[in-house]
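Grab a coffee and open the viewer. Here are a few exercises, each with a worked solution to check yourself against.

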Amino acid sequence: MWIPVQINENSAEPLYHQIETQLRSLIISGVITEGTLLPSIREFAGDLKCSVITVRRVYQDLENEGLLRTRQGTGTFVSHVGDGAMEEYKRETVGKALESAVDIGRSVHCSKDELEQIFMEIVERKYREKD
């Protein structure tokens with residue numbers, strides 16, 4: 001199975017974190033569904049042109065979170081993700097991005113009203129583009 005994960009080698013973000021974040025998002029959003037057999041660690045590492053150790057760490061971290069399960073001799077599968085986990089992930093991910101945006105806005109001395117106006121303009125533009 002091909003997994004749409006993009007690595008940015010120029011990013012300061014560690015490789016394993018880029019892969020883990022994207023794979024988590026694909027699982028929680030339902031793009032990769034429950035029961036899906038993931039590529040072997042070696043195969044996925046080959047596809048991504050990264051170390052087997054990096055992919056092993058990603059799989060282990062996601063298994064510890066309950067998003068993956070490994071069956072000896074069979075492979076690694078996507079576990080059941082409840083609606084609560086999906087909502088929590090969505091809120092957490094968007095919340096972190098917005099907190100970062102607010103921090104940047106405050107660092108350049110934007111008022112609360114200015115930030116709200118910028119935010120609403122972006123939301124309106126993005127949702128217009130989507131339609």
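**Exercise 1.** Work out which hand the crossing of helix 1 and helix 4 has, and how the two helices pack.

*Solution.* Keep in mind that this is a predicted model.
- Start with the hand: helix 1 crosses helix 4 in a left-handed way.
- Next, find who touches whom. Helix 1 brings Thr21, Arg24, Ser25 and Ile28 to the contact, and helix 4 brings Ala85, Met86 and Tyr89.
- Sort those residues by character: four are nonpolar, two polar and one charged.
- Now look at the geometry. The axes of helix 1 and helix 4 (residues 83-107) lie 10 Å apart, at an angle of about 135 degrees.
- Angles over 145 degrees would count as roughly antiparallel and 65 to 115 as roughly perpendicular, so helix 1 is oblique to helix 4.

**Exercise 2.** Do the same for helix 1 and helix 3: at what angle do their axes cross?

*Solution.*
- The two axes cross at roughly 45 degrees and come within 9 Å.
- That angle makes helix 1 oblique to helix 3.
- The crossing of helix 1 and helix 3 is right-handed.
- On the helix 1 side, the contact uses Leu15, Tyr16, Ile19, Glu20, Leu23 and Arg24. Helix 3 answers with Thr54, Arg57, Val58, Tyr59, Asp61 and Leu62.
- By character, the contact of helix 1 with helix 3 has seven nonpolar residues, one polar and four charged.

**Exercise 3.** Find the buried residues of helix 2, and explain why they line one face of the helix.

*Solution.*
- Pick out the buried residues of helix 2 (residues 41-48): they are Phe44, Ala45 and Leu48.
- Look down the axis of helix 2: these buried residues fall within an arc of 100 degrees, so they line one face.
- The general rule helps here: an α-helix has 3.6 residues a turn, so residues three or four places apart point the same way.
- Ask what sits on top. The cover over the buried residues of helix 2 includes helix 1 (15-28) and helix 3 (52-64).
- Finally, step past the end of helix 2: lysine 49 follows, with a positive phi near 55 degrees.

**Exercise 4.** Decide whether glutamate 34 is buried or exposed, then map its surroundings.

*Solution.*
- Place the residue: glutamate 34 is in the loop between helix 1 and helix 2.
- Check its relative accessible area, which is 52%. Exposed means over 50%, so glutamate 34 counts as exposed.
- List its contacts. Leaving out residues up to four places away in sequence, glutamate 34 touches Val78, Ser79 and His80.
- For scale, try glutamine 117: glutamate 34 is 83 residues from it in sequence and 40 Å from it in space, C-alpha to C-alpha.

Key:
Residues are numbered from 1 along each chain as its sequence is written. This is a predicted model: local features need pLDDT of at least 70, side-chain atom pairs count only at pLDDT 80 or more; totals for chains, interfaces and linings use all residues. Side-chain values use heavy atoms; hydrogens and water are left out. Buried means under 20% relative accessible area, exposed over 50%, partly exposed in between (1.4 Å probe, protein chains only). Helices (H or I, at least four residues) and strands (E, at least two) are DSSP runs, numbered from the N terminus. The arc is that of the directions from the helix axis to the C-beta atoms. Contact means heavy atoms within 4.5 Å. Axes are lines fitted to C-alpha atoms, for helices over the stretch in contact, and angles run from 0 to 180 degrees between N-to-C directions. Angles under 35 degrees count as roughly parallel, over 145 as roughly antiparallel, 65 to 115 as roughly perpendicular and the rest as oblique. A crossing is left-handed if the near helix is turned anticlockwise from the far one by less than a right angle, and right-handed if clockwise. Ala, Val, Leu, Ile, Met, Phe, Trp, Tyr, Cys and Pro count as nonpolar, Asp, Glu, Lys and Arg as charged, and the others, Gly among them, as polar.
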